[in-house]
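Subject: Structure handover and findings

Dear colleague,

Please find below the structure that I am handing over to you. My notes on its contacts follow directly after it.

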Amino acid sequence: MISGHRLPLLFLVVSIFLFGSITASAGEEAPAWLKQAAAQSVPAYEKKITAVVLRDEEQVSYTSDGKLVTTENYAVKLLNREGRKYAIAKAFYLVNGSKIRDIDAWLIRPDGTVKEYGKKDILDIISDPDDVYDEGRIKLIDASADVEVGSVFGYTTVTEETPLFYQDAWGFQDELPTLVSRYSLSLPDGWKATNITFNTADIKPTVTGSTYSWEMHDMPPIPDEPLSPATVNLAPRIAINFSPADGSQAVNKAFATWLDVSRWATPMYDPAVVVNDEIAGKARELTANAKTELDKIRAIGNYVQNLQYISIDIGVGHGNGYRPRPSDLVLSRGYGDCKDKANLMRAMLRSLKIDAYPVVIFSGDPTFVREEWASPRQFNHCIIAVKVSDATTGDTIIDYRKLGRLMIFDATDPYTPVGDLPNYLQGSFALVIAGDNGGLTRMPITPAGSDALERKINVSLSDTGAITGTISERASGQASAYFRREIRELSSTDYKKVLEGWLTRGATGAQLVNFTPTDKQNEAGFDLDVQFSAPRYGQLMQNRLLVFKPVIVGRRNGIMLTEPKRSNPIEIESTNTMSETVTFNLPQGFVVDETPDPVNLESTFGKYSTKYDTKDGKLVFTRTMTLNRTTIPAEKYSSVKEFFSKILEAEQSPVVLLKK
């Protein structure tokens, strides 16, 4: 559940609208804890730091009746106008699983006067507006329209819930500098707590009786830098396990190993695999023309991927956020969420005597799940592992110690076919749910060359500098998924605008004449053929020198590293290759006078090269770049910056033609 910086099962997306200034109430006075926080001296920060957290405190009590009661005190000081977005109090709850006992907020203005917010100022909104129905809701008080530079905004929330597990998590900060951050847990007599620390040295609790407290002070801001790991993987955080010292009452509530988690989850997934006549019939229909095991898996995978994704979260507080709906119900309704789709695919494959297992994973950050903390709380997505014979080969097959060869597939992502895996899942730890045979394992990483873009450009250059030409792009793997997502999610008008923007960024005044996209999803491929013109591409100087850049179009996802220094590691998220050949048909009467020097760069994280060849009235320019999935320490930033700076320099260097 979300409260302060506690880490939830799902990251919640909240749409917050400003409803104007909230009216003040009478008898306004800030509580003692907030006055104390506001009285702290604040260090000097760079101008771009918008706010500083004065206090972030969570006091959690596990009561004798099995409830977790959490009191959060949070205070933030606004350092400039951009910091107003932090003046929002929020508390997450489940309609049928938890409740908000109290939520109050205060604003201490720079002149010391106080504004108090009460019950009439509370908004109650759905936590995820993308869900058809979601029991998760958020109560909030939005004071962002009231604050001014130098104001201190603080709030207190009190929530109550029945925990699914004897586990919790706490992040000591987000991106803002934080002066005091504290988490405390009070347990009944005879209980104990342990913790695991991430992203910093081990943090030991202070223990008083049965109350455990963890505390940090004076944490600097975490800068937003290009290619950085997510803040959650940079900020100090702890995972907490608690249970009775004698182990009683801990069945399905505490997990010592990942095998425990697999055993806990399997009874929720397996009974939902219902194979009836409708499911078996649909599987036979889809695979009627399939000749191989892989053909069958692809046919069913493609069907399930394209079912409508709809999440209806009911009974989350009782574990239904982890429990899929019966596969026959999902088929009849024609929609489902990620775990529903995975289990429907399992049922259809089972009717064909192909075994498959659910796999839970964290979507969006392959480095989020930590092996040392056995917890269902680390996952927010479900995919599938299909057991395959030796006759089936592919880049996403792993050898799992207890179950043999498993092909990993995301039945929710409609852009990535069987045989490939989204970049944001590759290399992540994930849990195979298979009872005593389940456990945590590393997801596959597709090999170099499978995620690639090959581009061929052929242009005719006139003696005035105008060009006309064609571009042929052949994308494979996740490069093709990027193109596929682009064309499916955009209207035809917007897609055309994207292509026009791509052309004009490289060739000023370029005009898109025609384009033909060809989606080859089953082959994990996508082709794009473009005709274009640019009337002012080259510059004619003194009526005898024609100057132009050999790079006509840029890479879709260029990397710009311009900061003089770096605080965070540099994270290159995937291994991919781009190769390009540009053939310039030169105007009659002109010869090549000068070309840039060829470039050959090589490092642990990538390679880049350029080459120029002249023959029979043509100039052929080639460039290739390969980036390797890796994380580079901040202290090596200068070498990374130099690598990409040299690429930028090479791609801005001109060719000079001379009129004979």
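The model is a predicted one, and I begin with a surface pair. Glu 602 is exposed, with a relative accessibility of 64%. Its salt-bridge partner is Lys 607, with an N to O distance of 3.9 Å. Lys 607 counts as partly exposed, at 46% relative accessibility. Elsewhere, Arg 455, Glu 473, Glu 580, Arg 623 and Glu 651 are joined into one network by salt bridges that share partners.

The count of salt bridges comes to 29. One of them pairs the side chains of Glu 57 and Arg 182 at 2.6 Å, N to O. Glu 57 belongs to strand S1 (residues 51-62) and Arg 182 to strand S11 (residues 178-186), so this pair ties together parts that are 125 residues apart in sequence. Glu 57 is buried, its relative accessible area being 7%. A further salt bridge links Asp 121 with Lys 120 at 3.5 Å, N to O. In that pair Asp 121 is buried, with a relative accessible area of 7%, whereas Lys 120 is exposed, at 55%.

Turning to the cysteines, the count of disulfides is zero. Why do Cys 338 and Cys 382 not form one? The sulfur of Cys 338 has its closest cysteine sulfur in Cys 382, at 5.7 Å, which is too far for a bond; the cut-off for a disulfide is 2.5 Å. Both residues are buried: Cys 338 has a relative accessible area of 10%, and Cys 382 has a relative accessibility of 2%.

The helix packing may also be of interest to you. The axes of helix H3 (residues 277-286) and helix H4 (residues 293-305) come within 9 Å and cross at roughly 115 degrees. This crossing of H3 and H4 is right-handed. On the H3 side the contact involves Lys 282, Ala 283 and Leu 286, which meet Ala 299, Ile 300 and Tyr 303 of H4. By class, the contact has five nonpolar residues, one charged residue and no polar ones.

Helix H4 also contains Val 304, which is buried, with a relative accessible area of 0%. Leaving aside residues up to four places away in sequence, Val 304 touches Lys 341, Leu 344, Met 345, Met 348 and Ala 411. The C-alpha atoms of Val 304 and Ala 342 are separated by 8.2 Å, although these residues are 38 residues apart along the chain.

Yours sincerely

Note on methods
Residues are numbered from 1 along each chain as its sequence is written. This is a predicted model: local features need pLDDT of at least 70, side-chain atom pairs count only at pLDDT 80 or more; totals for chains, interfaces and linings use all residues. Side-chain values use heavy atoms; hydrogens and water are left out. Axes are lines fitted to C-alpha atoms, for helices over the stretch in contact, and angles run from 0 to 180 degrees between N-to-C directions. Helices (H or I, at least four residues) and strands (E, at least two) are DSSP runs, numbered from the N terminus. A crossing is left-handed if the near helix is turned anticlockwise from the far one by less than a right angle, and right-handed if clockwise. Contact means heavy atoms within 4.5 Å. Ala, Val, Leu, Ile, Met, Phe, Trp, Tyr, Cys and Pro count as nonpolar, Asp, Glu, Lys and Arg as charged, and the others, Gly among them, as polar. Buried means under 20% relative accessible area, exposed over 50%, partly exposed in between (1.4 Å probe, protein chains only). A salt bridge is a side-chain nitrogen of Lys or Arg within 4 Å of a carboxyl oxygen of Asp or Glu.
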